[in-house]
Amino acid sequence: MERKFNKQPKLHIRRDDVVKVLSGDDKGKTGKILSVDLEKRRAIVEGLNMVTKHVKPTASNPQGGIEKKEAPIHISNLMLVDPKTGEATKTGRKRNEQGKLVRYSKKTGEVING
């Protein structure tokens, strides 16, 4: 009998984190994460990876037209920006004094809030 676990994957980034893009057209740019899709392992970053979308006229939008919106980026192409130094950094997890898991910057050792 096969067991299935409904465990959420642990990601190095969360919503409202500031991240740097490592590859793609927006390489080197930074932005704030608006949302994260856990199943597809993708994140939408504010103002990055913009795509044009043709919108059909509807009752709520009678004009229709072309709109620009953010497309998801795979999380392997994103790296967290250290709030202290402003540089991209790897993250680790450790337990704090209360026994709760917290993220920390591997470059500076500083605990990352969020």
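This briefing describes the strand architecture, the nonpolar core and the largest pocket of the structure above. The model is predicted. One open antiparallel sheet has five strands in the order 6-3-2-1-7, and another open antiparallel sheet has three strands in the order 8-9-10. The largest pocket has a volume of about 420 Å³, and strand 9 gives the most residues to its lining.

**Five-stranded sheet**

- The strands of this open sheet follow the order 6-3-2-1-7, and their pairing is antiparallel.
- Strand 6 (73-74) and strand 7 stand at the edges; each has a single partner strand, so one side of each lacks a neighbour in the sheet.
- Strand 1 and strand 7 run antiparallel and are joined by three bridges.
- Within strand 7, Leu80 is the bridge partner of Val19.

**Nonpolar core**

- The largest nonpolar core comprises 13 residues, and those touching the most other members are Ile13, Val19, Ile33, Ala43, Val45 and Leu78.
- At least two residues of this core come from each of strand 1 (18-21), strand 3 (42-45) and strand 7 (78-80).
- In soluble globular proteins, nonpolar side chains tend to be buried together.
- Beyond its neighbours within four places in sequence, Val19 contacts Ile13, Lys29, Thr30, Gly31, Ile33, Val45, Leu78, Met79, Leu80 and Val81.
- Val19 therefore combines two roles in the description: it is among the core members that touch the most others, and it is the bridge partner of Leu80 in strand 7.**Asp26**

- Asp26 is located in the loop that connects strand 1 with strand 2 (30-37).
- The relative accessibility of Asp26 is 14%, which is why this residue counts as buried; the cut-off for that class is under 20%.
- Not counting residues up to four places away in sequence, Asp26 touches Val21, Leu48, Asn49 and Met50.

**Three-stranded sheet**

- Strands 8, 9 and 10 form an open sheet in the order 8-9-10 with antiparallel pairing.
- Strand 8 (91-95) and strand 10 (111-112) are the edge strands, each pairing on one side only.
- Strand 8 and strand 9 run antiparallel and are joined by five bridges; Arg95 stands opposite Leu101 in strand 9.
- The hairpin formed by strand 8 and strand 9 has five residues between the strands, and Gly99 in its turn has a positive phi of about 85°.
- Two bridges join strand 9 (residues 101-105) to strand 10, and these strands also run antiparallel; Arg103 has Ile112 as its bridge partner in strand 10.
- Strand 9 and strand 10 form a hairpin with five residues between them, and Gly109 in the turn has a positive phi of about 80°.

**Largest pocket**

- The volume of the largest pocket is about 420 Å³.
- The lining consists of 18 residues, and Lys10, Leu11, Arg14, Arg93 and Arg103 lie nearest the centre of the pocket.
- Strand 9 and strand 10 are the elements that give two or more residues to this lining, and strand 9 gives the most, with three residues.
- By class, the lining has nine nonpolar, three polar and six charged residues.
- Arg103 thus appears both among the residues nearest the pocket centre and as the bridge partner of Ile112 in strand 10.

How values were computed. Residues numbered from 1 in each chain as written. Predicted model: local features only at pLDDT ≥ 70, side-chain atom pairs only at ≥ 80, totals over all residues. Heavy atoms only, no water. Core = buried A, V, L, I, M, F, W, Y, C linked by side-chain atoms within 4.5 Å. Buried < 20%, exposed > 50% of the residue type's maximum accessible area, 1.4 Å probe, protein only. Helix = DSSP H or I, 4+ residues; strand = E, 2+ residues; numbered from the N terminus. Contact = heavy atoms within 4.5 Å. Pairing = 2+ DSSP bridges. 1 Å grid on protein atoms, 1.4 Å probe; cavity = no way out; pocket = protein on both sides within 12 Å on 5 of 7 lines; lining within 4 Å. Points joined across faces, edges and corners; volume = space filled by probe spheres on them. Nonpolar A, V, L, I, M, F, W, Y, C, P; charged D, E, K, R; others polar.
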